[in-house]
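Hi,

Here is the structure I promised to pass on to you. Have a look at it first, and then read my notes below.

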Amino acid sequence: GDAPAAVRLAAALGWYWSLRGLKVEGAELIAAAIGVPGAAATVEPEHLAVAYAMGGVLAADTPLHLDAVEWMGHAAALAPQVPDPVNPIMPLVGPLSLLYGGADVAFGPAYPEVFDDAVSGPHPWVGAIARILRAHTALNVGRPPGEAEADFQAAADILAGLGERWGQAVAVGGLAQLASKRGDSAAAIGYYRRAAELAAVFGNNEDEVHFRLFMVRELWLLGEREQAWAEFGAAQPDVERIGLPELTAFAAYTKGDLARLDGQPEVARAAFLEAFELIRPMGITQQLGAVAATGLGYLAAAEGDLDEATRWHAQAYEHARASADAPVIAEALGGLADLALRQGDPERAAELIGAGVAIRGTPDRSVIDEKRIADAARSVLGEAGYGAAYRRGQRVTLDTLAALVEPGAEPGAPSGVTPGGGTLAPRAERTPP
């Protein structure tokens, strides 16, 4: 019944539970602590805010995700009551509440600038973590990658100087992601290996396994196909040991993606369906639902079942819009472009490819389907015709995307399910891929 002691202890242990992969257990213990009668009235606001924030971080990718949204909102509401915080996470509470959806979604997604104050603050660890969060947020809203890369690198350097390995792992993983987008799979693999090594010291950590799973596709793209399957096989027992639903679903998606690339459609279909069904009861990881549905759409279209492909690509687009994640929306648009091409409309395919690059903020050379689609559309339209259609697509923003994806929709009309969907600034037109 000692609410202050329970909350202080839960808040202090939050990072430990996160680093050890004890997300569900940690979130449940924090729920018990903040649920002690009298906690709201007797616990110091800073301790309560940290407990709520850590609970939100732990619960966000678990079946407790609805609690995460509520807890982040409570943490953000308490933060102004702590003018001189002691805990280093406090400067991140407000921005994290936006990032995790704890604030009013009518304001749209979090933008990178919400982390500027924490980046410029006096605490080096806080500043480095804020740089990592700012970089990921910039990529999620479709900003060009240069500033994100600078933030990841600066964070990695600061954290290396501090001897802090978890943050280093996340920063280096971000550098891997950007190397992959540039098409430099060898560099991406090097970064992912380093990130996994840094994360491995904590034991039972799903971050390490995520990095290893991300590396699987890069190995395949580099031509190391047997090694890609071997890496996946080596990671699978750890996926099962950790047992987090989101990690299990991501592993299933990774198997499906690898099998589709490797020309094993039945294996791919079963794995994509497994991933899709695993996330359905959780109501989270819209990104994973989008990319799994896109994979199923590609498979159906390749087999000539355009009706089935249409259904899957529609689901992919709906999940992608719900995620408010620009790279995932772009990937869904690539699937729709493949469908348009197979339906005999290469001009629309080129527009959709252009729209995807505009919304993502950069081409992604790791998404090799997009190059295949672009090359096929260009072969029909010619360079001038393809370029004109691609540039029309590049003028699209999230506010005008519905008019392209859903012909007949009013410009600016919402498209699909869009909690947190905001406006992405139009991009400068780029050379078609």
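Helix H16 (286-302) contributes the most to the lining of the largest cavity, namely four residues. Helix H14 (245-261) also gives two or more residues to that lining. Helices here are DSSP runs (H or I, at least four residues), numbered from the N terminus.

The model is a predicted one: local features need pLDDT of at least 70, side-chain atom pairs count only at pLDDT 80 or more, and totals for chains, interfaces and linings use all residues. Residues are numbered from 1 along each chain as its sequence is written, and side-chain values use heavy atoms, with hydrogens and water left out.

What is a cavity? On a 1 Å grid over the protein atoms alone, a cavity is a set of points where a 1.4 Å probe fits but cannot get out, and lining residues have an atom within 4 Å of a point. Grid points are joined across faces, edges and corners, and a volume is the space filled by probe spheres set on the points.

There are three cavities of 30 Å³ or more, and the largest holds about 50 Å³ of space. Its lining includes Arg 217, Tyr 253, Asp 257, Gly 295 and Glu 331. By type, the lining residues are four nonpolar, two polar and five charged (nonpolar: Ala, Val, Leu, Ile, Met, Phe, Trp, Tyr, Cys and Pro; charged: Asp, Glu, Lys and Arg; polar: the others, Gly among them).

Now to another spot: Arg 165 sits in helix H10 (residues 165-181). Its C-alpha atom is 5.5 Å from that of Leu 198, 33 residues apart along the chain.

Enjoy exploring!

Key
On a 1 Å grid over the protein atoms alone, a cavity is a set of points where a 1.4 Å probe fits but cannot get out, and a pocket is an open set with protein on both sides within 12 Å along at least five of seven lines; lining residues have an atom within 4 Å of a point.
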